[in-house]
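Visitor: Could you pick one part of this model and take me through it slowly? I'd like to follow the packing there, and then see what else is worth a look.

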Amino acid sequence: MKTLFFLPKPRYLLSLASLFHTFPNPNPNFQRPPSHKLVNRPPPYRHWDLPIPTPRQTLNPNPNPNPNPDPNFSQADFSSIRALLADPALSSGASLEDALSRTGIKPCSGLLQAIFGHFDSSPKPLFTLFCWAVKQPGFESSESLFNFMVDVLAKSRAFDSAWLLLLDHAEAGEQPDLVSSNAFSILIRRYARAGKIGIQIGKAGMTFSAIRTFEFARSLDSIRDQDSEWSLLEILLDSLCKEGHVRVASEYFDQQKGLNLSWVPSVRVYNILLNGWFRSRKLKHAERLWRTMKKENVIPTVVTYGTLVEGYCRMRRSERAIELVDEMRGEGIEPNAIVYNPIIDSFSEAGRFKEAMGMMERCLVSETGPTISTYNSLVKGFCKAGDLVGASKVLKMMISRDVAPTLTTYNYFFRYFSRYGKIEEGMNLYTKMIESGHTPDRLTYHLLIKMMCEEERLDLAMQVRKEMRVRGCDLDLATSTMLIHLLCKMRRLEEAFVEFEDMIRRGIVPQYLTFERMNNALRKRGLTEMARKLCEMMTYVPHSSKLPNTYSGDGDASRERKTSIIHRAEAMSDILKTCNDPRELVKRRSSFENTISVADRLIEDIKRRANKT
């Protein structure tokens, strides 16, 4: 396998190391990748260089791309199953089950857990693997693996399959501990999320399904006899609020209070609803709930004030947020990073870095001090403002204070590189991460591929795609969509068709826009048989047929219109440079409009004559 690796000038390697918290290689099995050059020109020396920090701790506690958490299975078994799941010739279901049975592998929970970490965006093959493993003698699933399977199915909107899995295990009586409140909380959150997207049975139906899931779960003895019922209610309200259904959550909360007069809601419930109203930008509702809390003698916590502060910052009322900090001190509650972080983030987002750094100084003298989120807010703000020097200074500050940067920190730099099309800088930072033994996450790869696609660097994007899969990140909808669109744009339709087919095989429903573009491109090229297969694949998956308003099916016509507009604008610009007569300008400006009106009158005249005859 070719590995992305660059050999820039030594001086530039030092500058990249300043952006990366270098540590001793945490993976003793990590081999230095073979060098090859994908970028012709190394970027020049940058004035935002920093010294390499002293190694202290690992960025990722388990950067090994092929983890083996369970000694009961071998790496060979892992590799064999992974190859079968990635084989495009094997469809999910009976054919994949037969291939798994022929391997003679005895599955265990740890083996499947490791496989799931690599294919979490491929629900169909994973479900086939799980069902096959359950049938094998001696196999026992763990609760974490069972919940992972439920989450993968619900994430892909295969709620029927998720419910069948839950009910089968609940009714069979085998391993009853598998069906816990955690499994139902996953379903609740996924239903609420689907309600936000507004697909399948509609937003209202999805939010109702989330509530119905909670109602069913609390009817079970294993949940009703514990505190799980109330924690599950908090999860329901929190899920609805976070996905924009705060009104539904508030109404259900009032309903529960009316049905159970002895129930005293915890302050956590009020915090959830407060956060929901602020997230929906309903300031009056949030302030009304805050007054209700005071009236009912609900004792606020530091989280309550943190929620209020974050809400006012979200509404661009940072001054009111600072007043709340003084108010909570008067109540005897000492502010911490939960309170300071939203203010620092708000100032950074607005480019008010002097005030953000001043608030950082106040956070430094607090009992808990700044957290990684505090520093990440500053890094994000500077990168968003295009100030890489400022972001690098914050990075140096956090390292000097023994706060290790995370992948989130470096992803803000990747966002900067992606935004400004700095491919060389982005790829060299990526290489430095790989050299140090760290595994980038899916967002890192998403940003890199997005940058390649925008710059039309297809070969490099496909190389990153290969590494993404090898290092354990399955391609999700967004990444696959970007690659297919670029392949279509570069007239490599056969490869785009293979990517599209692989998405369907893995259980990912492509966007209708992607299908429409591919279908039009295939028919224009005369690849009618491939277009027929494409349409056939889409008929077997549930999908929306809605296209964005900006979409134009005829790309050539769209380009011609744009070219015509540009030519007319250039012609008018030349006229303005030489013509001083306003009447001449009006005459020239209306000439195109007159041509259209003449053509319209001609068409109408032809229609009238046709009707007479």
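Guide: Let's start with what an axis is here: a line fitted to C-alpha atoms, for a helix over the stretch in contact, with angles running from 0 to 180 degrees between N-to-C directions. Keep in mind that this is a predicted model.

The part I'd pick is helix H28, residues 528-539. Take its partner helix H27 to begin with, which spans residues 512-524. The two axes come within 9 Å and cross at roughly 160°. Angles over 145 degrees count as roughly antiparallel, so H27 is roughly antiparallel to H28. As for handedness, H27 and H28 make a left-handed crossing.

Now zoom in on the side chains. From H27, the residues in the contact are Tyr-512, Phe-515, Met-518, Asn-519, Leu-522 and Arg-523. H28 answers with Met-530, Ala-531, Leu-534, Cys-535 and Met-538. Sort that group by class and you get nine nonpolar residues, one polar and one charged. With the usual sorting, Asn-519 is the polar member and Arg-523 the charged one.

H28 has another partner, helix H26, residues 493-506. Here the angle is about 20° and the axes are 11 Å apart. Anything under 35 degrees counts as roughly parallel, and H26 and H28 are therefore roughly parallel to each other. The crossing of H26 and H28 is left-handed too. On the H26 side you'll find Leu-493, Glu-494, Phe-497, Phe-500, Glu-501 and Ile-504. They meet Met-530, Lys-533, Leu-534, Met-537 and Met-538 in H28. By class that comes to eight nonpolar residues, no polar ones and three charged. The charged ones are Glu-494 and Glu-501 from H26 and Lys-533 from H28.

Put the two contacts side by side and some names repeat. Met-530, Leu-534 and Met-538 of H28 appear in the contact with H27, and they turn up again in the contact with H26. Ala-531 and Cys-535 are listed for the H27 contact, while Lys-533 and Met-537 are listed for the H26 one.

For another pair to set beside these, try helix H13 (residues 267-279) with helix H15. Their angle is about 5° and the axes are 9 Å apart, which makes H13 roughly parallel to H15. H13 brings Val-267, Asn-271, Leu-274, Asn-275, Phe-278 and Arg-279. From H15 come Val-303, Thr-304, Thr-307, Leu-308, Glu-310, Gly-311, Tyr-312 and Arg-314. This contact divides into six nonpolar, five polar and three charged residues.

Right after H15 (302-314) there's a loop leading to helix H16 (318-330), and Arg-316 lies in it. Arg-316 has a positive phi of about 65° even though it isn't a glycine. With a relative accessible area of 72%, Arg-316 is exposed. Compare Arg-157, in the loop between H6 and helix H7 (159-172). Arg-157 isn't a glycine either, and its phi is positive at about 70°. But at a relative accessible area of 16%, Arg-157 is buried.

Two serines make a nice pair as well. Ser-250 sits in helix H12, residues 246-259, and counts as buried at 16% relative accessibility. Setting aside neighbours within four places in sequence, Ser-250 touches Leu-273 and Trp-277. Ser-219, by contrast, is in the loop between helix H9 (203-218) and helix H10 (221-224), and is partly exposed at 41%. The C-alpha atoms of Ser-219 and Glu-229 are ten residues apart along the chain and 9.1 Å apart in space.

If you want a helix that's mostly covered, look at H4, residues 109-116, where seven of its eight residues are buried. They are Ser-109, Gly-110, Leu-111, Leu-112, Ala-114, Ile-115 and Phe-116. Those residues pack against helix H2 (75-86), helix H5 (123-135) and helix H6 (143-155).

Now step back to the whole chain. It has 30 helices and zero strands, and 48% of its 613 residues count as buried. Of the contacts with a separation of 6 or more, 71% join residues 24 or more positions apart. The chain exposes about 31300 Å², with carbon and sulfur atoms supplying 52% of that.

Technical notes: Residues are numbered from 1 along each chain as its sequence is written. This is a predicted model: local features need pLDDT of at least 70, side-chain atom pairs count only at pLDDT 80 or more; totals for chains, interfaces and linings use all residues. Side-chain values use heavy atoms; hydrogens and water are left out. Buried means under 20% relative accessible area, exposed over 50%, partly exposed in between (1.4 Å probe, protein chains only). Helices (H or I, at least four residues) and strands (E, at least two) are DSSP runs, numbered from the N terminus. Contact means heavy atoms within 4.5 Å. Angles under 35 degrees count as roughly parallel, over 145 as roughly antiparallel, 65 to 115 as roughly perpendicular and the rest as oblique. A crossing is left-handed if the near helix is turned anticlockwise from the far one by less than a right angle, and right-handed if clockwise. Accessible areas come from the Shrake-Rupley method with a 1.4 Å probe; for residues, only the protein chains shown count as cover.
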